[in-house]
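Hi everyone, thanks for coming. Today I'd like to walk you through a structure that may be new to you, so let's put it up on the screen.

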Amino acid sequence: MPAAGRLDRYYTPFLIPPRVGHPFASRYARELCQEGDRDLDVVPQLLTKDADEFVWAAGLLAEMGYAEVNLNVGYPSGTVTGKGRGAGLLRDLPALEALLQDVCERSPLPVSVKTRIGFASDDEFDEILALYCRLPLAELIVHPRVREDYYRGAVRREAYGEALARAPFPVAYNGDIFSAGDFASLVAAFPQTRHVMLGRGLVGNPALARMIGGGPAASMPELERFHDELYGAYEAEMGGNAVFRMKEWWSYAKGLFANPRAIERAMRKARKAAEYEAVASKVFRCEGLASPRR
Ligand SMILES: Cc1cc2nc3c(=O)[nH]c(=O)nc-3n(C[C@H](O)[C@H](O)[C@H](O)COP(=O)(O)O)c2cc1C
């Protein structure tokens, strides 16, 4: 990301591989459909600790035309880590190394990893990074938090710097890039930065990549168009009431408005689709945008 302010790659939300011999679950059909913007390189991400299932899924993805597969070593939820998946892989480093060695050998696609820097403490990263450096990874994306942080607490950018300095493969940064200023300060601190993954910042601000490229913030009509498209797509996907999903979007997007508290209050009451649509339309007509965060 992003030459001239556009995104060049999209990592899917994690997919749970099917059992060997079976196709991907039908709920992933939309995520894995190859239509749409093919200028965007799409990298499917898998959540698993099972090498055979990873390799089988990578084979299916290769047949679909994908060029890389990513392993999730970061998802913090207890239901997942308890089963040794996601960030749970960081609790047993010999098992993680054996898994990665095996899948790097047998996967028909290059394997990249998205990782946190530890399970409970930053001190774990030295050993974790050494492990990754012994493997032929296509790329390592570092979200410099530990599992216990979930999505809060300060990112430890120095851990990303350490990975940049030591890894024999490309390293990408992820975490708390909410503005062009955040991006600029990362690049100033780590000028070797080539790849940055945007998460919540981009969800809440569809113009973030453009702003990073020096372009303007989203105007109110642009935001409303984005909102309408997202709402329509969620409704189509869910076959009905997408209000709950949209409220989550507003929890990220409210920061673009001059009075985020007013947005929170207005959204809190909306339950049914018609109520929600009225509230959203009023927000776009009556609320002002904050001056863009630089
Ligand atoms: C609702 C939500 C869903 C997420 N799903 C995934 C996922 O499927 N795979 C993944 O690697 N990270 C996932 N993440 C984590 C983000 O990719 C990212 O690592 C984290 O939010 C920090 O980056 P950010 O500050 O840019 O959001 C998710 C985060 C949130 C808030």
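Before I point at anything, one term: a helix here is a DSSP run of at least four residues, and helices are numbered from the N terminus. With that in hand, we can place Leu-164: it sits in helix H5. Please keep in mind that this is a predicted model.

Let's step back to the whole chain for a moment. There are 12 helices and 7 strands in it. How does the radius of gyration compare with the globule rule for 294 residues? The chain comes out at 20 Å, close to the 19 Å from the rule, so it is as compact as a globular protein of that length. If you prefer box dimensions, the C-alpha trace spans about 55 × 45 × 35 Å along its principal axes.

Now, inside and outside. Buried residues make up 47% of the 294. The exposed surface of the chain is about 14400 Å², with 53% of that supplied by carbon and sulfur atoms. On the charge side, we have 37 positive and 38 negative charges, and their mean positions lie 8 Å apart. As for contacts with a separation of 6 or more, 70% of them join residues 24 or more positions apart.

Back to our leucine. Is Leu-164 buried or exposed? Its relative accessible area is 17%, and buried means under 20%, so Leu-164 counts as buried. Leaving out residues up to four places away in sequence, Leu-164 touches Val-171, Phe-190, Gln-192 and Thr-193. Its C-alpha atom is 9.7 Å from that of Val-142, which is 22 residues away along the chain.

Val-142 also turns up in our next stop, Thr-115. You'll find Thr-115 in strand S4, residues 111-118, and it is buried, with a relative accessible area of 0%. Beyond its neighbours within four places in sequence, Thr-115 is in contact with Val-73, Leu-90, Tyr-132, Leu-140, Ile-141, Val-142 and His-143.

Last stop: helix H6, residues 180-189. Which of its residues are buried? They are Ala-180, Asp-182, Phe-183 and Leu-186. Looking down the axis of H6, these buried residues fall within an arc of 160°, so they line one face of the helix. And what do they pack against? The partners are helix H5, strand S6 (171-174), strand S7 (195-197) and helix H8 (208-212). That brings us back to H5, the home of Leu-164.

Thanks for listening, and I'm happy to take questions!

Key
Residues numbered from 1 in each chain as written. Predicted model: local features only at pLDDT ≥ 70, side-chain atom pairs only at ≥ 80, totals over all residues. Heavy atoms only, no water. Helix = DSSP H or I, 4+ residues; strand = E, 2+ residues; numbered from the N terminus. Rg over C-alpha atoms; globule rule 2.2 N^0.38 Å. Buried < 20%, exposed > 50% of the residue type's maximum accessible area, 1.4 Å probe, protein only. Contact = heavy atoms within 4.5 Å. Areas by Shrake-Rupley, 256 points an atom, 1.4 Å probe, with all protein chains shown as cover. Lys, Arg positive; Asp, Glu negative; His and termini not counted. Charge placed at Lys NZ, Arg CZ, Asp CG, Glu CD. Arc of directions from axis to C-beta.
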